[in-house]
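Reader: I am new to this structure and would like to look closely at one part of it rather than skim the whole. Could you choose a place where helices pack together, and explain it step by step?

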Amino acid sequence: KHLAVLWSIAALGFHTSALIALLLYTLLLFRDHIKMQIIISIATIAIIIAGRAVLETLFVGRYGAYSVFDDISFGIAVVLKYLPLAALVLFVLKDDPEKRIEFPKGSSSVLGLCVAVLLFSIVICMLGYVISIFGRAESYSAPLVIALAYLVRRCEERRYFRLPVKSLLALYFLFRLTVYMNDFYLAEGIMPYITSFGLKI
């Protein structure tokens, strides 16, 4: 945990959006209380929506283009991105005999850990609809990959749903790549992208 905090502080040296990691740490503090995680997530979204006008004053200079007074609308993309992952978490962990995972200073709820990472990712995604600059912070939801790898391992150990879950996850990531290429890839103005092999995408 201490090393993760140090890396987050180092990330602040590259971009202030790394502050969003504080939300993940907060959710993980309540890894044994999923209801509290949900309350914190809802409160975070509500506070950002309520504080849009205040946040606008922070966007000066080149960041002035990030208008916070766009209409708020949570697209179907939020559901399509995270509902399948929520279903996978519940499917694998609902009746999992390994309810807790051991850490140096005690054990923690496996379900609580996975839900914390999932809620963190959902909140970041939704905040991108509230204030556009938060859309780039969605890259901080990368810890989802660790949670998904753990879920696949549990399927392997329990010898069920092994190949189907891998196939479904492959299709899911292909879907995420397609969404990114059609939305953020175009919006962020990084086209055309030239690969190391000289191919133009």
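Author: Two helices count as roughly parallel when the angle between their axes is under 35 degrees. With that cut-off in hand, we can turn to the packing of α3 and α6 in this predicted model, where the two axes come within 10 Å and cross at roughly 10°. That angle falls under the cut-off, and α3 and α6 are therefore roughly parallel to each other. Their crossing is right-handed. On the α3 side the contact is made by Ile34, Gln37, Ile38, Ser41, Thr44, Ile45, Ile48 and Ile49, while α6 contributes Leu111, Gly112, Val115, Ala116, Leu119, Val123, Met126, Leu127 and Val130. Sorted by class, the residues where α3 meets α6 are 13 nonpolar, 4 polar and no charged.

One of the residues in this contact, Gln37, deserves a slower look. Glutamine 37 lies in helix α3, which spans residues 34-50, and it counts as buried because its relative accessibility is 0%. Leaving aside residues up to four places away in sequence, glutamine 37 touches Leu27, Phe30, Arg31, Gly112, Val115, Ala116 and Leu119. Among these neighbours, Gly112, Val115, Ala116 and Leu119 also appear on the α6 side of the contact with α3.

From here it helps to follow α6 into the interior. In soluble globular proteins, nonpolar side chains tend to be buried together. The largest nonpolar core of this model has 41 residues, and Leu93 and Leu151 touch the most other members of it. Two or more residues of this core come from each of α2 (21-29), α3, α5, α6 (110-130), α7 (144-157) and α8, and α6 gives the largest share, 14 residues. Leucine 151, again not counting residues up to four places away in sequence, touches Leu88, Val89, Val92, Leu93 and Cys114.

Leucine 151 also belongs to the contact between α6 and α7, in which Val110, Cys114, Val117, Leu118 and Ser121 of α6 meet Leu144, Ala147, Tyr150 and Leu151 of α7. There the helices pack at an angle of about 145°, with axes 9 Å apart, and the crossing is left-handed. The residues joining α6 to α7 comprise 8 nonpolar, 1 polar and no charged.

Leu88, one of the residues touched by leucine 151, leads on to another pair, α5 (residues 76-93) and α8 (residues 162-182), which pack at an angle of about 165° with their axes 10 Å apart. Since angles over 145 count as roughly antiparallel, α5 and α8 are therefore roughly antiparallel to each other, and α5 passes α8 in a left-handed crossing. Leu80, Lys81, Tyr82, Pro84, Leu85 and Leu88 of α5 make this contact with Val165, Leu169, Tyr172, Phe175, Arg176 and Val179 of α8. By class, the contact of α5 with α8 holds 10 nonpolar, no polar and 2 charged residues.

To set these helices in the whole chain, the secondary structure comes to 9 helices and 2 strands, arranged along the sequence as α-α-α-α-α-β-β-α-α-α-α. Of the 201 residues, 34% are buried, and of the contacts with a separation of 6 or more, 61% join residues 24 or more positions apart.

Definitions and conventions. Residues are numbered from 1 along each chain as its sequence is written. This is a predicted model: local features need pLDDT of at least 70, side-chain atom pairs count only at pLDDT 80 or more; totals for chains, interfaces and linings use all residues. Side-chain values use heavy atoms; hydrogens and water are left out. Axes are lines fitted to C-alpha atoms, for helices over the stretch in contact, and angles run from 0 to 180 degrees between N-to-C directions. Helices (H or I, at least four residues) and strands (E, at least two) are DSSP runs, numbered from the N terminus. Angles under 35 degrees count as roughly parallel, over 145 as roughly antiparallel, 65 to 115 as roughly perpendicular and the rest as oblique. A crossing is left-handed if the near helix is turned anticlockwise from the far one by less than a right angle, and right-handed if clockwise. Contact means heavy atoms within 4.5 Å. Ala, Val, Leu, Ile, Met, Phe, Trp, Tyr, Cys and Pro count as nonpolar, Asp, Glu, Lys and Arg as charged, and the others, Gly among them, as polar. Buried means under 20% relative accessible area, exposed over 50%, partly exposed in between (1.4 Å probe, protein chains only). A nonpolar core is a set of buried Ala, Val, Leu, Ile, Met, Phe, Trp, Tyr and Cys residues joined through side-chain atoms within 4.5 Å.
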